[in-house]
Amino acid sequence: MKSLVGGSVGIGLVLVLTMNTGATGAEPAYQERTEERLAMVQDQLEVRGITDPRVLEAMRSVPRHLFVPAPLRDVAYGDHPLPIGHKQTISQPYIVAAMTQLLQLQSDDKVLEIGTGSGYQAAVLAKLVRRVVTIEIVAPLADSARKLLAELGHENVTVITGDGYRGYPEEAPFDGIIVTAAPERVPQPLLDQLRVGGKLVIPVGAYLQELEVHERTESGFTRRSIFPVRFVPMTGEVEKEPPGGFRPDDGR
Ligand code: SAH
């Protein structure tokens with residue numbers, strides 16, 4: 001079941017686009033919609049094995065509807081990703097929760113996200129840790145996420161406009177790194193910026209992608225495959241890598 005859920009991006013998008021009536025733009029921006037969030041957590045997350053109480057609480061509290069374009073706010077709590085413009089998407093709630101849970105974060109941690117998009121995942125992280133740095137390559141998305149996160153009072157998040165391929169050495173090492181756009185191979189700079197015990201949660205692959213968790217140990221890295229997913233491709237410097245070739249973590 002997990003693989004179906006993880007792989008449902010395309011289907012979700014088609015459904016949602018046909019459901020968009022455009023009739024919801026007039027609702028008050030800060031309308032609470034708490035009941036929908038509670039139902040989302042119960043029906044989409046708890047039943048699929050999200051058990052970390054802190055992650056569940058963060059998912060109950062972040063107003064996801066404010067992170068989607070106004071005409072899609074009605075369907076913001078559905079079990080699917082949604083388009084956010086610039087050919088990008090906000091992930092399905094379950095994927096956000098599953099990736100967050102895989103990071104196994106502590107409240108004093110510092111986390112790096114590559115692919116800010118709407119800023120929703122960053123807001124969820126901001127509820128859980130001391131410091132979040134998030135990098136977005138599409139400037140208008142970075143700008144609107146920065147503005148919304150500030151409006152919501154997330155002072156512990158910094159949105160950087162740029163290519164996240166090389167991570168953020170200025171604040172490395174990180175306790176967790178989460179990547180929400182898929183490279184074909186794991187960028188070595190991201191592995192290098194994990195502290196010992198820190199985890200990188202990342203979708204890897206071209207059309208067929210696998211969600212992977214890489215953990216830095218005293219002697220190297222471990223790699224675990226979680227389930228198949230569909231994310232938008234990572235763009236920028238990663239596209240200049242030669243096709244094929246070796247994966248920096250192969251054989252470990
Ligand atoms: N985490 C987001 C969803 C992200 S969609 C959310 O919660 O809404 C993936 C995002 O990664 C897109 O906005 C895309 O522009 C961005 N992206 C793709 N390649 C990137 C790169 N090299 N560096 C930073 N961001 C990148």
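Which side chain makes a polar contact with the side chain of T100? The side chain of Q121 does, at 2.9 Å. The legends below place this pair and other local features in the predicted model.

**Figure 1. Overall view of the predicted model.** The protein has 252 residues, and 54% of them are buried. Its secondary structure comprises eight helices and nine strands. Among contacts with a separation of 6 or more, 61% join residues 24 or more positions apart. The exposed surface of the protein is about 11300 Å², and 54% of that area is supplied by carbon and sulfur atoms.

**Figure 2. Close-up of T100 and its contacts.** T100 is located in helix 5. With a relative accessibility of 2%, T100 counts as buried. Two polar contacts of the T100 side chain are shown. One runs to the backbone oxygen of V96 at 2.6 Å, and the other goes to the side chain of Q121 at 2.9 Å. Beyond its neighbours within four places in sequence, T100 is in contact with V55, Q121, V124, L125 and L128. V55 is 45 residues away from T100 along the chain, and the C-alpha atoms of the two are separated by 7.0 Å.

**Figure 3. Helix 5 and the residue that follows it.** Helix 5 spans residues 93-103. Because 11 of its 11 residues are buried, helix 5 is largely enclosed by the rest of the structure. The buried residues include P93 and Y94 at the start of the listed segment, and L102 and L103 at its end. M99 and T100 are also among the buried residues of this helix. Just after helix 5, Q104 adopts a positive phi of about 50 degrees.

**Figure 4. Close-up of the ligand and its polar neighbours.** The ligand sits in the largest pocket. Strand 2 (88-90), strand 3 (110-114), helix 6 (120-128) and strand 4 (131-136) are the elements that give two or more residues to the shell around the ligand. Strand 2 provides the largest share of this shell, with three residues. There are 25 residues around the ligand, and S118, E136, D163, G164 and T235 come nearest. A polar side-chain atom of S118 lies 2.6 Å from a ligand oxygen atom. On the nitrogen side, a polar side-chain atom of E113 is 3.0 Å from a nitrogen atom of the ligand. An N or O atom in the side chain of T180 lies 3.1 Å from a nitrogen atom of the ligand. On its own, the ligand has 580 Å² of accessible area, of which the protein covers 99%.

**Figure 5. Close-up of T180, a residue with a polar side-chain atom 3.1 Å from a ligand nitrogen.** T180 lies in the loop between strand 6 and helix 8 (188-192). Its relative accessible area is 14%, so T180 is buried. The side chain of T180 reaches the backbone oxygen of G115 at 2.7 Å. Not counting residues up to four places away in sequence, T180 touches M99, E113, I114, G115, F231 and V232. E113 and T180 are 67 residues apart in sequence, with a C-alpha to C-alpha distance of 7.5 Å.

**Figure 6. Close-up of the cis peptide bond between A172 and P173.** Most peptide bonds are trans. Omega of the bond that joins A172 and P173 is about 5 degrees. P173 is located in the loop between strand 5 (157-161) and strand 6 (174-179).

**Figure 7. Two loop residues with positive phi, R33 and H86.** Most residues other than glycine have a negative phi. R33 has a phi near 60 degrees. R33 is found in the loop between helix 2 (9-19) and helix 3 (34-45), and at 9% relative accessibility it counts as buried. H86, which is not a glycine, has a positive phi of about 55 degrees. H86 belongs to the loop between strand 1 (82-85) and strand 2. With a relative accessible area of 44%, H86 is partly exposed.

Key:
Residues are numbered from 1 along each chain as its sequence is written. This is a predicted model: local features need pLDDT of at least 70, side-chain atom pairs count only at pLDDT 80 or more; totals for chains, interfaces and linings use all residues. Side-chain values use heavy atoms; hydrogens and water are left out. Helices (H or I, at least four residues) and strands (E, at least two) are DSSP runs, numbered from the N terminus. Buried means under 20% relative accessible area, exposed over 50%, partly exposed in between (1.4 Å probe, protein chains only). Contact means heavy atoms within 4.5 Å. Accessible areas come from the Shrake-Rupley method with a 1.4 Å probe; for residues, only the protein chains shown count as cover. A residue is near a molecule or strand if one of its heavy atoms lies within 4 Å of it. A polar contact is a pair of N or O atoms within 3.5 Å; within protein, one must be able to donate a hydrogen and the other to accept it, and residues adjacent in sequence count only if both atoms are side-chain atoms. On a 1 Å grid over the protein atoms alone, a cavity is a set of points where a 1.4 Å probe fits but cannot get out, and a pocket is an open set with protein on both sides within 12 Å along at least five of seven lines; lining residues have an atom within 4 Å of a point. A molecule sits in a cavity or pocket if more than half of its atoms lie within 2 Å of its grid points.
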